[in-house]
Amino acid sequence: MERLSASHKLIKKHLVSGNMIPGEEIGIKIDQTLTQDATGTMVMLELDAMRCQRAKTEVSAQYIDHNLLQTDFKNPDDHVFLRSACQRFGLHLSPAGNGVSHPVHMELFGRPGATLLGSDSHTCAAGSMGMLAIGTGGLEVALAIMGEPFFVRMPQIFGVHLKGKLPAWVSAKDVILEMLRRHGVSGGVGKIIEYYGPGVKTLSAMDRHVIANMGAELGATTSIFPSDEETKKFLKAHGRIKDYTPLKSDLMVKYDQHDEIDLSELEPLIALPSSPGKVVLVKDVAGKEIYQAMIGSSANPGFRDFAIAATIVKGRHIHPAVSFDINPTSRQILESLVHSGHLAQLIHAGGRIHQAGCNGCIGMGQAPATDKISLRTVPRNFKGRSGTLEDQVYLCSPETAAASALTGVITDPRDLGPKAPKLTLPKKISQNKQYVVAPPKNQTKAKLIMGPNIKPLPKFEPIKELVKGAVILKVGDDISTDEILPAGTEVLPYRSNIPEIAKFTYKEIDKTFYERALNKQKEGFFIIGGDNYGQGSSREHAALAPRYLGLKCVIAKSYARIHRKNLINFGVLPLVFSHKKDYDSVDANDELEIYNIYEKMQHSAQVDVRNVTKNKHFSTQLELTDQEIGLLKAGGLINLVLKKTKSKAVNHN
């Protein structure tokens, strides 16, 4: 009898091509899609460019949660554009103020046993309710909306056995921080992390969301929890019990990798600046003065995460030197906090209440003071992501953030007393769903409303047989998409304008990059990267903007999954050093050449690169699937889709 993990069961149910053998390319049918405004504007432009008629998924939802600040016309114009695109292509729209995409999608549409593809790396959060939920670049989400399967290399299944129960003052954030402490920011690359065991039953659906959400910080393809009584309780609280179906692994499943966490042994943990992987015990850094404590974000979005902070500060006052920022994650959660009295407790203690959305997590307001410590329950703390280049962002639980807000210094919450506050969770969350705009029942020819900041997608020529150019930038390990193309109030308003947003490419690493790249735009150029190149956000702008400027090829020690695929989707070669020592032999300004690239793509994973400047050769690897070869030969995914569409039209006629 075949024994299957929950992950295998979900994949098998949706498998349309390939075999469930780690490393082999598989095609998966997608039931639902998720887009948000920082990436969704590109998805809508891509749907238009690929002549989409109407969404073919069970549910496709567009959320406006990132770019909420309306300092000029750009963000409002994009909001109008997204509303018109949802009407045109048949998507649900969750407007500004309604909340962060991931928890809201769970509240409204998430369904155990379904697949979800999102143009946001934290789409994996929905794995908390037994979904196969994967973040990827916008182009692949656009294709899924059009009814096409999603292609990915079959991941290994990394089983994590949870036992015991969390002690006082320790919560779900400490579980995922423990995983990051053990395995680092690349420990999940090429893997699905599946949590199972008796400890899972002690975690609520939203506790699981906290853990699954930050699986993205491990580099995992996704994380998966079983669908059980806690899942049923969550769906019932949101008036959706009919969507419940159970899901669990068979007994005695053999995992490709395994670990075990005794929840009862965990202590409060904190990630130091500027990586989610730099995790230490809170008590080891206690006493440092802080400027800010922030509660909320997709990484701690549940009612409990706000209510526990409110209970901790109840009847007390925040330290006068601390900004205590509260970011509600959905309209429903905000209303429930009002009804329960917890919002009043936060306000009375000195909390600053912001609208439901991503806000400071993506650098849209709430930036900390220079070199001052900010404790945040957000998922990422890459340098400058907060909106302040010289920031000091620490990642922690709501308990640690609230305790520290009271004292003015990093504080182990256990120092507040042996007994944690008692918290009773509501059996029903406020229902306020009328603000989500459903798509028209029938296909329409609604006009796309495009403001002056929205520009058509640039067109790219297919890659040539001879690839040559100068290395205009060499970077180290763990370069994030925030460093390639930052977010924040200055940059994100140009998300639908590639020529403008390209001006910010690599700005935080090299302020001269844009001008130098522009000078090489016609002949093209190379970038050299270290390990885990392109970690973090799914934003395809980090591939699209450099491609627009002339990027032909990246040669790195290794890649983050989503960014590698984004490069291919826009026709950029993602080579890997065969020997990591060769990384040291290539310098900025070296001229490189690659001959007969089409033949090498087709027949060999090994690609010889000639360093013209130093008259030397080094070996690289280009391991591509047949689908990826087609993408590169066509000059990117949009070109390939249009070519197929034209071919079908000719054959039909």
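**Group meeting: a sheet and a helix**

Hi everyone, let's start with one pair of residues: Gln62 stands opposite Leu93 in strand 5. Before I go on, please keep in mind that this is a predicted model.

That pair belongs to a parallel pairing, with three bridges joining strand 4, residues 59-63, to strand 5. Now let's zoom out to the sheet. In what order do the five strands of this open sheet come? The order is 5-4-3-6-7, and the pairing is parallel. Strand 5 (92-94) and strand 7 (132-135) stand at the edges with a single partner strand each, so one side of each has no neighbour in the sheet. On average, neighbouring strands are turned by 20° against each other, direction ignored.

What packs on this sheet? Helix 4 does, touching strand 3 (32-36), strand 4, strand 5 and strand 6 (115-118). The direction of helix 4 makes about 145° with that of strand 3. Helix 5, residues 138-145, packs on the sheet too, and touches strand 3, strand 4 and strand 6. For helix 5, the angle with the direction of strand 3 is about 140°.

Now over to helix 10, residues 331-340. Which residues are buried there? They are Gln332, Ile333, Ser336 and Leu337. Why do they lie on the same side of helix 10? Because they cover an arc of only 135° around the axis. Helix 4 (101-108) comes back here: what covers those buried residues includes helix 4, along with helix 9 (303-313) and helix 11 (342-349). One last backbone detail for you: just after helix 10, Gly341 takes a positive phi of about 90°.

Thanks, everyone!

Conventions
Residues are numbered from 1 along each chain as its sequence is written. This is a predicted model: local features need pLDDT of at least 70, side-chain atom pairs count only at pLDDT 80 or more; totals for chains, interfaces and linings use all residues. Side-chain values use heavy atoms; hydrogens and water are left out. Buried means under 20% relative accessible area, exposed over 50%, partly exposed in between (1.4 Å probe, protein chains only). Helices (H or I, at least four residues) and strands (E, at least two) are DSSP runs, numbered from the N terminus. The arc is that of the directions from the helix axis to the C-beta atoms. Contact means heavy atoms within 4.5 Å. Two strands pair if DSSP finds at least two bridges between them. Axes are lines fitted to C-alpha atoms, for helices over the stretch in contact, and angles run from 0 to 180 degrees between N-to-C directions.
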